[in-house]
Structure formats: structure tokens, C-alpha cells
Amino acid sequence: MLFRSEYVRQWARAVAPLGLVDAPLTYADLECALLDFAPQLAAGPVTRDVVRFLRRPPLSRAARAGYWFLFQAAAASLRPGHRRMLGLRRILPLRVVGPIARGLLRLMRAALGPSSPLEDAALARRARLAAS
């Protein structure tokens, strides 16, 4: 839970310069905020189009095989009610696809190198925020 709260705290600091000054600072606060939004959540036609695209993106056959595990892990991480709302019915349990997805992400990280320009920019921004 401590790691999750630190992650939430880092994102709260990152979005403050964008004007979101009352973002949750702990994982527990984030859970409460998400529950407050629950009555407003709905999946309309645009949402279903996005889910359809994410489920079957225009990738090569080889890339689709690995992507399938990443999609399954992302979908499995959602609450059951949210999965139902999005029409995600045949999703493998996170305990099954999570380790495979983590392995794929590690492999991608190794192939791409130790850092990326986006990550470097995000880390530099985080350092600037910490200094201010």
C-alpha cells in the first residue's frame, strides 16, 4: 500500500502545475475519489469504439500476440463492474496474465534500452517539481 500511495503522490505533484490542485495524495484517498465518480461512469458508443480499437489494434500478427497479454493484464486490473460496463467478459485473471505482461514489458524495456526520451522528460519534470 505504501508503494501505491507514493505512486499516487507523485502523480498528484505532476498534475498540480496543470491546475489539478486537489488530487488525491494517498491510495486510500484515490479509492474514495473513484467511488465518488462511480454514479457518473457510463460506456457509450465512443467508449465502445475505443475499447474495440484497444482490443484489436492494427498491429502485425507478431505484435498482436504480445499485445494480447498486455491488454488482458490491463483489463484484468479493472474492477469487475468496470469490466462489465466496458463489455470485457472473457478476461483472464491477473494472477495468470500479470506475470506474463510484466515479462513482456521487461523484454520491451531491454530492447528499447535503459531509458526513453519520454521517460527522461518525465523524470526531469519530476525533479523540477521536487525542487520547487
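## Surface and charge

The chain exposes about 10,100 Å², of which carbon and sulfur atoms supply 66%. The model is a predicted one. Its charged side chains comprise 21 positive and 8 negative charges, and the mean positions of these two sets are 13 Å apart.

## Fold and dimensions

The secondary structure consists of seven helices and zero strands. Read in sequence order, the pattern is α-α-α-α-α-α-α. The C-alpha trace spans about 45 × 45 × 30 Å along its principal axes.

Of the 132 residues in the chain, 15% are buried. When contacts between residues at least 6 apart in sequence are taken, 45% of them join residues at least 24 apart.

## Gln-72

Gln-72 belongs to helix H4, which covers residues 61–76. Its relative accessibility is 3%, and Gln-72 therefore counts as buried, the cut-off for that class being under 20%.

Outside the neighbours within four places in sequence, Gln-72 is in contact with Arg-90, Ile-91, Leu-92 and Val-97. For one of these residues, Leu-92, a polar approach is also present: a polar atom of the Gln-72 side chain lies 2.8 Å from the backbone nitrogen of Leu-92. The side chain of Gln-72 thus pairs with a backbone atom here, while the residue itself is buried.

Definitions and conventions: Residues are numbered from 1 along each chain as its sequence is written. This is a predicted model: local features need pLDDT of at least 70, side-chain atom pairs count only at pLDDT 80 or more; totals for chains, interfaces and linings use all residues. Side-chain values use heavy atoms; hydrogens and water are left out. Helices (H or I, at least four residues) and strands (E, at least two) are DSSP runs, numbered from the N terminus. Buried means under 20% relative accessible area, exposed over 50%, partly exposed in between (1.4 Å probe, protein chains only). A polar contact is a pair of N or O atoms within 3.5 Å; within protein, one must be able to donate a hydrogen and the other to accept it, and residues adjacent in sequence count only if both atoms are side-chain atoms. Contact means heavy atoms within 4.5 Å. Accessible areas come from the Shrake-Rupley method with a 1.4 Å probe; for residues, only the protein chains shown count as cover. Lys and Arg count as positive and Asp and Glu as negative; His and the chain ends are not counted. The place of a charge is taken as NZ of Lys, CZ of Arg, CG of Asp or CD of Glu.
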